[in-house]
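Trainee: I should like to go through this structure with you, one topic at a time. May we begin once it is in view?

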Amino acid sequence: MKKRSLYFVVFLLVIAHAHGGTIIGTVRARGKEGAEASATAGGKYDSRQFKFVERVNYEEMHDFIIYIEGAVGPPPIPPEKPAQVITTRNPSVTQKGAMFTPHVLPVVVGTIVEWPNYDDILHNVFSFSEAKPFDLGLYKSPTIERVKFDKPGKVDVFCSIHSRMSCIVLVLENPYFARSNDKGHYAITNVPPGNYKLKAWHERLPSQTKEITVPETGEIKVDFTLGITNLPKP
């Protein structure tokens with residue numbers, strides 16, 4: 001009898017944990033109105049000097065992070081297994097190809113992030129961001145350095161040796177966040193019912209926030225279009 005009661009309690013806990021709504025939607029970027037037309041209408045952009053100047057392709061933008069702002073419920077429990085930002089270099093190119101992967105890593109407060117260096121050269125991972133300043137010094141494989149991100153905020157990370165290497169650790173106050181896929185779709189599951197502010201973030205564009213109400217069960221669809229709009233003129 002006691003065994004049945006225990007199973008019933010466990011069942012209720014599972015049901016309670018799974019109870020919640022799902023936020024789904026798409027995120028896309030849009031350039032300034034008229035900018036693309038100006039870039040393809042001839043003039044200086046067709047000259048030898050500017051013809052191959054790289055321009056932003058808003059349709060191909062990725063690394064959108066969608067998350068609920070602020071604290072939600074009790075303090076979040078960080079994952080037992082550390083997250084990883086891998087340091088590598090494509091062997092077919094020069095040192096300019098060295099990179100951090102992923103470029104943007106969203107984590108919940110308290111998460112430990114490992115920084116394995118799978119390259120065959122030294123790197124020095126560091127940040128001077130207010131949310132988490134650190135300096136891992138020079139190291140390479142098999143050494144794996146780690147950092148605990150215990151304060152919410154945006155942490156810009158660099159390598160002191162290779163100027164083009166950078167990434168961002170976005171430390172969030174709750175576990176209700178998602179990264180959009182290659183087509184801009186995202187889903188945040190098991191969100192407790194209630195009213196929230198949902199933010200769509202990208203490192204190169206102004207963020208956008210919408211007030212939403214998450215149902216006890218089922219889905220709510222929230223789409224975002226991020227662009228450089230409504231900024232004051234000089």
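**A buried lysine and its surroundings**

Mentor: Lys 132 has a relative accessibility of 18%, so this residue counts as buried. Please keep in mind throughout that the model is predicted.

Trainee: In which loop does Lys 132 lie, and which backbone oxygen lies 3.1 Å from a polar atom of its side chain?

Mentor: Lys 132 is located in the loop between strand 8 (123-127) and strand 9 (134-139). Leaving aside neighbours within four places in sequence, its contacts include Val 147, Phe 149, Asp 150 and Val 155. Lys 148 is also in contact with Lys 132. The backbone oxygen at 3.1 Å from a polar atom of the lysine side chain is that of Lys 148.

Trainee: Is Asn 174 buried or exposed, and what is its relative accessible area?

Mentor: Asn 174 is found in the loop between strand 12 (166-172) and strand 13 (177-179). Not counting residues up to four places away in sequence, Asn 174 touches Ile 68, Glu 69, Gly 70, Val 72 and Val 108. Burial requires a value under 20%. Asn 174 is therefore buried, its relative accessible area being 1%.

Trainee: Which backbone atoms lie 2.6 Å and 2.8 Å from the side chain of Asn 174?

Mentor: One partner is an oxygen: at 2.6 Å from a polar atom of the Asn 174 side chain lies the backbone oxygen of Gly 70. The other is a nitrogen, which the side chain reaches at 2.8 Å. That second atom is the backbone nitrogen of Tyr 176.

Trainee: Where is Asp 63 placed, and which side chains have polar contacts of 3.4 Å and 3.1 Å with it?

Mentor: Asp 63 is in the loop between helix 2 (35-39) and strand 2. At 13% relative accessibility, this residue counts as buried. Among the residues that Asp 63 touches are His 103, Val 104, Trp 201 and His 202. The polar contact of 3.4 Å is with the side chain of His 62, and the one of 3.1 Å is with that of Arg 179.

**Overall composition and cores**

Trainee: How many helices and strands does the protein have, and what percentage of its residues is buried?

Mentor: The secondary structure comprises two helices and 18 strands. Of contacts between residues at least 6 apart in sequence, 65% join residues at least 24 apart. The protein exposes about 15,000 Å², with carbon and sulfur atoms supplying 55% of that area. Among its 234 residues, the buried share is 35%.

Trainee: Which residues touch the most other members of the largest nonpolar core?

Mentor: This core holds 23 residues. The elements that give two or more residues to it include strand 1 (21-30), strand 14 (185-191) and strand 15 (194-202). The residues touching the most other members are Ile 23, Ile 66, Tyr 186, Ile 188 and Leu 198.

Trainee: How many residues belong to the second, separate core?

Mentor: Members of the second core include Ala 98, Val 107, Val 147 and Cys 159. Its number of residues is 22.

**Aromatic pairs**

Trainee: What kind of aromatic pair do Phe 100 and Trp 115 form?

Mentor: A search of the whole structure finds six aromatic pairs. In this one, the ring centres are 6.0 Å apart and the planes lie at 80°. The pair links distant parts of the chain, with Phe 100 in strand 5 and Trp 115 in strand 7. Both residues are buried, and the pair is edge-to-face.

Trainee: Why is the pair of Phe 128 and Phe 158 classed as stacked, and how accessible are the two residues?

Mentor: Planes under 30 degrees apart count as stacked. The ring centres of Phe 128 and Phe 158 are 5.9 Å apart and the planes are at 15°, so the pair is stacked. Phe 128 is exposed, with a relative accessible area of 65%. Phe 158 counts as partly exposed, at 27%.

Trainee: Which residues are linked into a cluster by ring pairs, and which residue lies over the face of Phe 224?

Mentor: The cluster linked by ring pairs consists of Phe 100, Trp 115, Phe 134 and Phe 149. The face of Phe 224 has a residue over it at 5.1 Å from the ring centre. That residue is Lys 210.

Conventions:
Residues are numbered from 1 along each chain as its sequence is written. This is a predicted model: local features need pLDDT of at least 70, side-chain atom pairs count only at pLDDT 80 or more; totals for chains, interfaces and linings use all residues. Side-chain values use heavy atoms; hydrogens and water are left out. Helices (H or I, at least four residues) and strands (E, at least two) are DSSP runs, numbered from the N terminus. Buried means under 20% relative accessible area, exposed over 50%, partly exposed in between (1.4 Å probe, protein chains only). Contact means heavy atoms within 4.5 Å. A polar contact is a pair of N or O atoms within 3.5 Å; within protein, one must be able to donate a hydrogen and the other to accept it, and residues adjacent in sequence count only if both atoms are side-chain atoms. Accessible areas come from the Shrake-Rupley method with a 1.4 Å probe; for residues, only the protein chains shown count as cover. A nonpolar core is a set of buried Ala, Val, Leu, Ile, Met, Phe, Trp, Tyr and Cys residues joined through side-chain atoms within 4.5 Å. Rings of Phe, Tyr and Trp (its six-membered ring) pair if their centres lie within 6.5 Å; planes under 30 degrees apart count as stacked, over 60 as edge-to-face and the rest as tilted. A charge sits over a ring if NZ of Lys or CZ of Arg is within 6 Å of the ring centre and within 35 degrees of the ring normal.
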